[in-house]
Amino acid sequence: MNGNTPYAGLPGETSAGRRAAADVPELSSTQRRTLSRDVSRIAARTREFLPDEYVVDADVAGGQSGFQVTVAVQPPVGHPVSAGFRPDLEEATEELITADERDEVARGLAASAALQVKQAVSDNVTPTAK
């Protein structure tokens, strides 16, 4: 049964549970800098939507399946929220993450972080008017 899965490995080439090196995309130093710049822009844009009490951080990490971008927000109360994705390196031109994608991620994270705060304090706040 294990021989029928893509994780069984290729005899003499790839051991079980490992991916072939050709399957994992590599980033050039220019692509890595561009990706880091784009992720920093997402974090900066997210900070623009939120008050200073929210902590925003971004990371570019490599793993077995390639590079992944993560942007996370820790609200003053409530659970942290994050967005993780893999940009398409093959179709990339000057930007690995387009301006529209950066804005979409930043808005979504800011909205999710604000919702976490609202849910965390909703039971403790009495409405002043209806």
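Trainee: Which helix is Thr46 found in, and is its side chain to be read as buried or exposed?

Mentor: This is a predicted model, and in it Thr46 belongs to helix H1. To decide between the two words one asks what relative accessible area remains, and the cut-off for buried is under 20%. Thr46 is buried because its relative accessible area is 0%. Leaving aside neighbours within four places in sequence, Thr46 is in contact with Val56, Val73, Ala106, Leu109 and Ala110.

Trainee: Before going further into the interior, how many helices and strands does the protein chain have, and what pattern do they follow along the sequence?

Mentor: There are 2 helices and 3 strands in the protein chain, and reading along the sequence gives the pattern α-β-β-β-α. Of its 130 residues, 27% count as buried. Among contacts between residues at least 6 apart in sequence, 53% join residues at least 24 apart.

Trainee: How much confidence should I attach to the elements, and in which is it lowest or highest?

Mentor: The protein chain averages a pLDDT of 80, and 70% of the residues score at least 70. Confidence is lowest in E1, with a mean of 88, and highest in H2, at 92.

Trainee: When I look at a helix such as H1, which of its residues are buried, and what covers them?

Mentor: The general idea is one of periodicity: an α-helix has 3.6 residues a turn, so residues three or four places apart point the same way. In H1, the buried residues are Thr34, Leu35, Asp38, Val39, Ile42, Ala43 and Thr46, and what covers them includes E1, E2, E3 and H2. H1 has 21 residues and reaches 31 Å from its first C-alpha to its last, close to the 30 Å expected at 1.5 Å a residue.

Trainee: What does the same reading give for H2, that is, which of its residues are buried and which elements do they pack against?

Mentor: In H2, Arg102, Val105, Ala106, Leu109, Ala110, Ala113, Gln116 and Val117 are buried, and these buried residues pack against H1, E2 and E3. From its first C-alpha to its last, H2 with its 23 residues reaches 33 Å, close to the 33 Å expected.

Trainee: Turning to the strands, how many bridges join E1 to E2, and how many join E2 to E3?

Mentor: E1 and E2 run antiparallel and are joined by 9 bridges, with 2 residues between them in their hairpin; one pair to look at is Ala61, whose bridge partner in E2 is Gln68. E2 and E3 also run antiparallel, joined by 5 bridges, and their hairpin has 6 residues between the strands, with Gly78 in the turn at a positive phi of about 100°. Val73 stands opposite Val81 in E3, while the partner of Val69 in E3 is Phe85.

Trainee: Is Phe85 buried or partly exposed, and what does it touch?

Mentor: Here a general point helps first: in a regular strand the side chains alternate between the two faces of the sheet. Phe85 lies in strand E3 and is partly exposed, because its relative accessible area is 23%. Not counting residues up to four places away in sequence, Phe85 touches Ile42, Gln68, Val69, Ile97 and Val105. Phe85 and Thr70 are 15 residues apart in sequence, and their C-alpha atoms are 6.7 Å apart in space.

Trainee: Which residues touch the most other members of the largest nonpolar core, and which element gives the most to it?

Mentor: In soluble globular proteins, nonpolar side chains tend to be buried together. Here the largest nonpolar core has 22 residues, of which Leu35, Leu50, Val73 and Leu109 touch the most other members. Two or more residues come from each of helix H1 (29-49), strand E1 (55-63), strand E2 (66-74), strand E3 (81-85) and helix H2 (99-121), and H2 gives the most, with 5 residues. Take Val73 as the worked case: not counting residues up to four places away in sequence, Val73 touches Thr46, Leu50, Tyr54, Val55, Val56, Pro80, Val81, Leu109 and Ala113.

Trainee: And for the outside, how much area does the protein chain expose?

Mentor: The protein chain exposes about 9000 Å², and carbon and sulfur atoms supply 49% of that area.

Conventions:
Residues are numbered from 1 along each chain as its sequence is written. Side-chain values use heavy atoms; hydrogens and water are left out. A nonpolar core is a set of buried Ala, Val, Leu, Ile, Met, Phe, Trp, Tyr and Cys residues joined through side-chain atoms within 4.5 Å. Buried means under 20% relative accessible area, exposed over 50%, partly exposed in between (1.4 Å probe, protein chains only). Helices (H or I, at least four residues) and strands (E, at least two) are DSSP runs, numbered from the N terminus. Contact means heavy atoms within 4.5 Å. Accessible areas come from the Shrake-Rupley method with a 1.4 Å probe; for residues, only the protein chains shown count as cover. Two strands pair if DSSP finds at least two bridges between them. The expected span of a helix is 1.5 Å times one less than its number of residues. pLDDT is the predictor's confidence in each residue, from 0 to 100.
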